[in-house]
Amino acid sequence: MSHVTRPRSARGEGDRLRDDLIVAALRLLSAAGDPEDVSIRAVAKAAGVSPTATYRHFADRDALLEAACSHCFELFAELLSDASAGATDPFERLKLAGRAYVEYARQDEGLYRVLFSNPLHMDKDFTDPSLD
């Protein structure tokens with residue numbers, strides 16, 4: 001069985017491995033469409049590292065998948081913002097953002113399902129403490 005081995009990061013570049021693990025997790029989540037179908041072992045293999053290396057950056061599988069989903073939400077929000085950035089009329093901005101939303105859902109059904117049907121986030125409290 002062959003697998004991709006990732007070159008060792010230079011000293012001080014540990015964040016690069018963390019980012020690579022998040023990208024690998026997103027690829028697997030996109031393909032699976034369900035976080036329950038993605039394991040630490042699979043993410044580590046896709047990133048070309050041992051599962052042990054994953055635990056240097058994430059406490060467990062859920063922490064890795066939550067980081068990946070959080071990153072995906074950031075990318076999604078940026079996509080919507082970019083799609084509507086040129087419009088000055090609020091209704092036009094909404095229309096452009098809506099089109100980008102639907103196009104995203106069509107282009108990557110797996111990630112869309114993960115973002116908006118993700119059981120990992122169902123028990124999280126997303127209230128903003130600064131609003132209390």
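Modeller: A residue counts as buried when its relative accessible area is under 20%, as exposed when that area is over 50%, and as partly exposed in between. Please keep in mind that this is a predicted model.

Biologist: Thanks! Why is Phe-76 called buried?

Modeller: Its relative accessible area is 6%. The cut-off for buried is under 20%, so Phe-76 is buried. Phe-76 has company in helix α4, where Leu-64, Leu-65, Cys-72 and Leu-80 are among the buried residues.

Biologist: And how much of the protein chain counts as buried?

Modeller: Of its 132 residues, 32% do. The chain has 6 helices and 0 strands, so from the N terminus on its elements read α-α-α-α-α-α.

Biologist: Let's stay with α4 for a moment. How do you know that the span of this helix agrees with its number of residues?

Modeller: Helix α4 covers residues 61-84, which makes 24 residues. The expected span is 1.5 Å times one less than the number of residues, and for α4 that gives 34 Å. The C-alpha atoms at its ends are 35 Å apart, so the two values agree.

Biologist: What is found at the start of α4?

Modeller: There, a side-chain oxygen of Asp-60 comes to within 3.3 Å of the backbone nitrogen of Asp-62.

Biologist: Now the aromatic rings. How many aromatic pairs does the structure hold?

Modeller: There are 7. One of them joins Phe-76 and Phe-116, with 5.5 Å from centre to centre and 70 degrees between the planes.

Biologist: What makes that pair of Phe-76 and Phe-116 edge-to-face?

Modeller: Rings pair if their centres lie within 6.5 Å, and planes over 60 degrees apart count as edge-to-face. At 5.5 Å and 70 degrees, Phe-76 and Phe-116 fit both conditions, so the pair is edge-to-face. The pair also links distant parts of the chain: Phe-76 sits in α4 and Phe-116 in helix α6 (residues 109-116), 40 residues apart.

Biologist: Why is Phe-116 called partly exposed?

Modeller: Its relative accessible area is 33%. That value falls between the cut-offs of 20% and 50%, so Phe-116 is partly exposed.

Biologist: Why is the pair of Tyr-112 and Phe-116 called tilted?

Modeller: The ring centres are 4.9 Å apart and the planes stand at 45 degrees. Planes under 30 degrees apart would be stacked and those over 60 edge-to-face, with the rest tilted, so 45 degrees makes this pair tilted. Tyr-112 and Phe-116 are 4 residues apart in helix α6, which means about one helical turn separates them. Tyr-112 is partly exposed too, at 24% relative accessibility.

Biologist: Which residues form the aromatic cluster?

Modeller: Phe-73, Phe-76, Tyr-101, Tyr-104, Tyr-112 and Phe-116 form one cluster.

Biologist: Let's turn to helix α5. What makes α4 oblique to α5?

Modeller: Helix α5 runs over residues 90-107, and α4 packs against it at an angle of about 135 degrees, with the axes 8 Å apart. Roughly perpendicular ends at 115 degrees and roughly antiparallel begins over 145, so α4 is oblique to α5. Their crossing is right-handed.

Biologist: Leu-94 and Lys-95 both caught my eye in α5. Why is Leu-94 called exposed?

Modeller: Its relative accessible area is 60%, and exposed means over 50%, so Leu-94 is exposed. Lys-95 has 41%, so it is partly exposed.

Biologist: Where do Leu-94 and Lys-95 stand with respect to Ser-84?

Modeller: The C-alpha atoms of Leu-94 and Ser-84 are separated by 7.2 Å, at 10 residues apart along the chain. For Lys-95 and Ser-84, 11 residues apart, the separation is 8.1 Å.

Definitions and conventions:
Residues are numbered from 1 along each chain as its sequence is written. This is a predicted model: local features need pLDDT of at least 70, side-chain atom pairs count only at pLDDT 80 or more; totals for chains, interfaces and linings use all residues. Side-chain values use heavy atoms; hydrogens and water are left out. Helices (H or I, at least four residues) and strands (E, at least two) are DSSP runs, numbered from the N terminus. Buried means under 20% relative accessible area, exposed over 50%, partly exposed in between (1.4 Å probe, protein chains only). A polar contact is a pair of N or O atoms within 3.5 Å; within protein, one must be able to donate a hydrogen and the other to accept it, and residues adjacent in sequence count only if both atoms are side-chain atoms. Rings of Phe, Tyr and Trp (its six-membered ring) pair if their centres lie within 6.5 Å; planes under 30 degrees apart count as stacked, over 60 as edge-to-face and the rest as tilted. Axes are lines fitted to C-alpha atoms, for helices over the stretch in contact, and angles run from 0 to 180 degrees between N-to-C directions. Angles under 35 degrees count as roughly parallel, over 145 as roughly antiparallel, 65 to 115 as roughly perpendicular and the rest as oblique. A crossing is left-handed if the near helix is turned anticlockwise from the far one by less than a right angle, and right-handed if clockwise.
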